Amino acid sequence: MNIPFLGHRRRKAGLPDPEGIAELLAECELLRSQASRASVRLDDSPASLEALDQLVPGWRDDEETLTWLGNDAGLYLGTVIVRTVSGAAWEIRSDGQPVVRLASGREFDVVDAGHEWAASGVPELSQLYAEVAEA
């Protein structure tokens with residue numbers, strides 16, 4: 001039912017604006033907490049990725065923390081890429097997975113990379129960033 005004087009009460013379906021998505025994905029609470037305890041400042045810079053690579057991986061003994069931290073590490077990597085690599089942007093795939101798409105159209109599953117980093121430390125976040133920044 002459309003009653004003109006009430007205006008459109010329903011918001012159009014769709015995703016929030018790209019800046020809103022970027023802010024939401026940048027939260028990474030567990031990673032920021034772990035980094036803070038280790039006196040690592042996460043300032044969304046490539047240098048902060050190098051500092052994260054140097055953390056002692058005490059989280060690997062706890063499966064729940066490992067999974068959550070891997071997710072956060074991937075989202076943080078994506079945040080650094082989106083904020084520092086020209087033309088990079090977040091995109092949400094049809095399966096709900098956030099990925100980073102470069103201006104060239106190349107897509108990076110940063111969350112998967114974050115899980116690999118949290119589980120084994122390889123590849124390093126700073127190495128992944130360098131590869132993406134070159135592309």
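Two strands count as paired if DSSP finds at least two bridges between them. With that in hand, here are some close-ups of this predicted model.

**Figure 1. The pairing of S2 and S3 in the predicted model.** Strand S3, residues 107-108, pairs with S2 over 2 bridges in the antiparallel sense. Zoom in on Arg101 and you find its bridge partner in S3, Glu107. The hairpin of S2 and S3 has 5 residues between the strands, and Gly105 there takes a positive phi near 95°.

**Figure 2. The hairpin of S1 and S2.** Here strand S1 (residues 89-92) and strand S2 (residues 98-101) run antiparallel, joined by 4 bridges. Two of the facing pairs are easy to pick out: Trp90 stands opposite Val100, and Ala89 stands opposite Arg101. Between the strands sit 5 residues, and in this hairpin Gly96 has a positive phi near 90°.

**Figure 3. The whole sheet, with a helix lying across part of it.** Put the hairpins together and you get an open sheet of 3 strands in the order S1-S2-S3, with antiparallel pairing. S1 and S3 each have a single partner strand and stand at the edges, so one side of each has no neighbour in the sheet. Helix H4 lies across S1 and S2, and runs at about 135° to S1.

**Figure 4. A salt-bridge network around Arg93 and Glu107.** What does Glu107 pair with in a salt bridge at 3.6 Å, N to O? The partner is Arg93. Glu107 lies in strand S3 while Arg93 is in the loop between S1 and S2, so this pair ties together parts that are 14 residues apart in sequence. Arg93 also forms a salt bridge with Asp109, the closest N and O atoms being 4.0 Å apart. That pair links distant parts of the chain too, with Asp109 in the loop between S3 and H5 and Arg93 in the loop between S1 and S2, 16 residues apart. Glu107, for its part, forms a salt bridge with Arg101, and there the closest N and O atoms are 2.8 Å apart. Salt bridges that share partners join Glu91, Arg93, Asp95, Arg101, Glu107 and Asp109 into one network. As for accessibility, Glu107 is partly exposed at 33%, Asp109 at 27%, Arg93 at 26% and Arg101 at 26%. The structure as a whole holds 9 salt bridges.

**Figure 5. The two faces of helix H1.** Which residues of H1 are buried? They are Ile21, Ala22 and Leu25. These cover an arc of only 100° around the axis, which puts them on the same side of H1. An α-helix has 3.6 residues a turn, so residues three or four places apart point the same way. The buried residues pack against H4, S1 and S2. Turned away from that side, the other face of H1 carries Glu19, Glu23 and Leu24, which are exposed.

**Figure 6. Helix H2 and what it packs against.** In H2, the buried residues are Leu30, Leu31, Gln34 and Ala35. Looking down the axis of H2, they fall within an arc of 130°, so they line one face of the helix. Their packing is against H3 and helix H4 (63-84). On the other side of H2, Glu29, Ser36 and Arg37 are exposed. Just after the helix comes Ser39, with a positive phi of about 60°.

**Figure 7. Backbone oddities in the loops.** Most residues other than glycine have a negative phi, and most peptide bonds are trans. Against that background, three spots are worth a look. Cys28 has a positive phi, near 45°, and lies in the loop between helix H1 (18-25) and helix H2 (29-37). Is Cys28 buried or exposed? With buried meaning under 20% relative accessible area, Cys28 counts as buried because its relative accessibility is 3%. Asp44, in the loop between H2 and helix H3 (46-53), is not a glycine either, yet has a positive phi of about 65°. Asp44 counts as buried too, at 16% relative accessibility. Lastly, the peptide bond from Val122 to Pro123 is cis, with omega near -5°. Pro123 lies in the loop between helix H5 (110-120) and helix H6 (125-134).

Definitions and conventions: Residues numbered from 1 in each chain as written. Predicted model: local features only at pLDDT ≥ 70, side-chain atom pairs only at ≥ 80, totals over all residues. Heavy atoms only, no water. Buried < 20%, exposed > 50% of the residue type's maximum accessible area, 1.4 Å probe, protein only. Arc of directions from axis to C-beta. Contact = heavy atoms within 4.5 Å. Axes fitted to C-alpha atoms, helices over the stretch in contact; angles between N-to-C directions. Salt bridge = Lys/Arg side-chain N within 4 Å of Asp/Glu carboxyl O.
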